[in-house]
Amino acid sequence: MELSPFDTEQIGIKTLEKSLMKSKSKKSLKIGLPKETSNDERRISLTPGGVSILTANGHEVFVEKNAGIDAHFSDHEYQEAGAEISYSAEELFSNSEMIVKVAPPTKTELSWMQPNQILLSALHLGHTTHEFMRTLIDKGVCAIGYEFLKAEDGEFPIVRMMHEITGSMSVQIAAHYLENSSDGQGIMLGGISGIPPATVAILGAGITGEYAARTALGYGAQVFVMDNDLTRLRHLENALDRRIITATANHQYLSTALGFADVVIGAAMTEGERAPCWVTEPMVESMKPGSVIVDTVIDQGGCIASSEPTTHSNPVFTKYGVTHYCVPNIPSNVARTATYALNNVIVPYLIELGDSAGIHDCLWKNTALRNGAYTYKKHLTKKALADQFEMPFRDIEVLIASQI
């Protein structure tokens, strides 16, 4: 019998529930999920299924009214899962030991945070301020950033999932803007019998580039992937059974590829640094009128010289006759899928936190959460952030060991 997408979702939730409900938590946590107030942020960190797992393990979950509405999760679904609906964001913050959200706290939300509270959210390095860090430190907040969650195998689980979504979505977006209704060339990515497919040039062979390539191949496009890391290019060739064409990202190959590309996906990035700018304005000027650029690393400065940040409400602009899509938080536009992705990573961490004797015990045992912490016990615990903001730094392992 063929399963519907809804049935598949429910099976996935029940499988996760069974694996996490084997033992009751040792410590009850009060977890707050506020409604996101950042522009165009539609995701929420936990699904009703995730909430049901947490409440079954003895935790209390407070969800702000309409917090999940943009991801199509109703207050009633959260209530059915055992959550308590809060009608005031300020009250939710005051009642919660731990705040779990997608975007970093706003200035108002920071003022509501309680001493020694736990914060689990994105940090958004490009927009972080000295004042933001100072407030978290002064309040003694244990802040854990999604970008820093790094497991023992070296994987960044949340970053990876969001990059997978971004890569897949970038091709879907490009296909839309190639259509006549979007002032594109009026072509299909895959072509049809007797008509060649469109050409997609992908800059960067990381996770975003890989999933962009997979999706573009699925559409039937001709795919070029360029990077300066030959190991990554070899891996991608093998993973995709050599159905792509690879090249080093030098000036000659980039110029040639952009001259005949219908779509360019910018996915070149260096972890923790500004994205390398591989494409010059003259290269963009040489592209076909009506072609499309999707710069997926615009939140790190972009890898294409003509890129400028846009928003979901005003996502594109045209320069040199080329449509540019440069929205920083692409996964927010598939908020339900992205919320499931966040939930699947976050819930096991919350269960482990409840199974521990406290946050210090959990950080000591859990490598990913320890790597994710950037403020703890009124200290900044990431040297890169300390250097950026010229603030004192303490190694988190030293801080935790001093309490044991």
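In this predicted model, the side chains of Thr199 and Gln222 are joined by a polar contact of 3.2 Å. Thr199 belongs to strand β7, which covers residues 199–203. With a relative accessible area of 8%, Thr199 falls under the 20% limit and is therefore classed as buried. Beyond four places in sequence, the contacts of Thr199 comprise Gln222 and Phe224 together with Phe260, Ala261, Asp262 and Val263. Asn366, by contrast, stands 167 residues from Thr199 along the chain, and the C-alpha atoms of the two residues are 44 Å apart.

Ala261 and Asp262, listed above among the contacts of Thr199, are also in contact with Ser291. The remaining partners of Ser291, again without neighbours within four places in sequence, are Gln185, Gly321, Val322 and Thr323. Ser291 is located in the loop that runs between α11 (281–285) and β11 (292–295). The relative accessibility of Ser291 is 0%, so this residue counts as buried. Its side chain reaches a backbone atom, the oxygen of Lys288, at 2.5 Å.

A further buried threonine is Thr381, for which the relative accessible area is 7%. This residue occupies the loop between β15 (379–380) and α15 (383–389). A polar atom of the Thr381 side chain lies 3.0 Å from the backbone oxygen of Ala373. Ala373 also appears among the contacts of Thr381 beyond four places in sequence, along with Tyr374, Thr375 and Tyr376. The list is completed by Phe393, Arg394, Ile396 and Leu399.

Two residues that are not glycines adopt a positive phi. In Lys378 the angle is about 65 degrees, and in Tyr320 it is about 60 degrees. Lys378 is placed in the loop between β14 (373–376) and β15. Its relative accessible area of 51% is over the 50% limit, and Lys378 is therefore exposed. Tyr320 is situated in the loop linking β12 (316–319) to β13 (322–325). At 34% relative accessible area, Tyr320 lies between the limits of 20% and 50% and is therefore partly exposed.

The analysis of pockets concerns the second largest one, whose volume is about 360 Å³. Its lining consists of 17 residues. Nearest the centre of this pocket are His163, Gly206, Ile207, Arg232 and Glu271. Helices α7 (157–177), α8 (207–219) and α9 (230–239) each contribute at least two residues to the lining. In terms of residue class, the lining of the second largest pocket holds 6 nonpolar, 6 polar and 5 charged residues.

Confidence was also examined along the chain. The average pLDDT is 91, and 93% of the residues score at least 70. Residues 18–25 form a stretch in which pLDDT stays under 50. For this stretch, the model has 19 contacts beyond four places in sequence.

Terms used: Residues are numbered from 1 along each chain as its sequence is written. This is a predicted model: local features need pLDDT of at least 70, side-chain atom pairs count only at pLDDT 80 or more; totals for chains, interfaces and linings use all residues. Side-chain values use heavy atoms; hydrogens and water are left out. pLDDT is the predictor's confidence in each residue, from 0 to 100. Contact means heavy atoms within 4.5 Å. On a 1 Å grid over the protein atoms alone, a cavity is a set of points where a 1.4 Å probe fits but cannot get out, and a pocket is an open set with protein on both sides within 12 Å along at least five of seven lines; lining residues have an atom within 4 Å of a point. Grid points are joined across faces, edges and corners, and a volume is the space filled by probe spheres set on the points. Helices (H or I, at least four residues) and strands (E, at least two) are DSSP runs, numbered from the N terminus. Ala, Val, Leu, Ile, Met, Phe, Trp, Tyr, Cys and Pro count as nonpolar, Asp, Glu, Lys and Arg as charged, and the others, Gly among them, as polar. Buried means under 20% relative accessible area, exposed over 50%, partly exposed in between (1.4 Å probe, protein chains only). A polar contact is a pair of N or O atoms within 3.5 Å; within protein, one must be able to donate a hydrogen and the other to accept it, and residues adjacent in sequence count only if both atoms are side-chain atoms.
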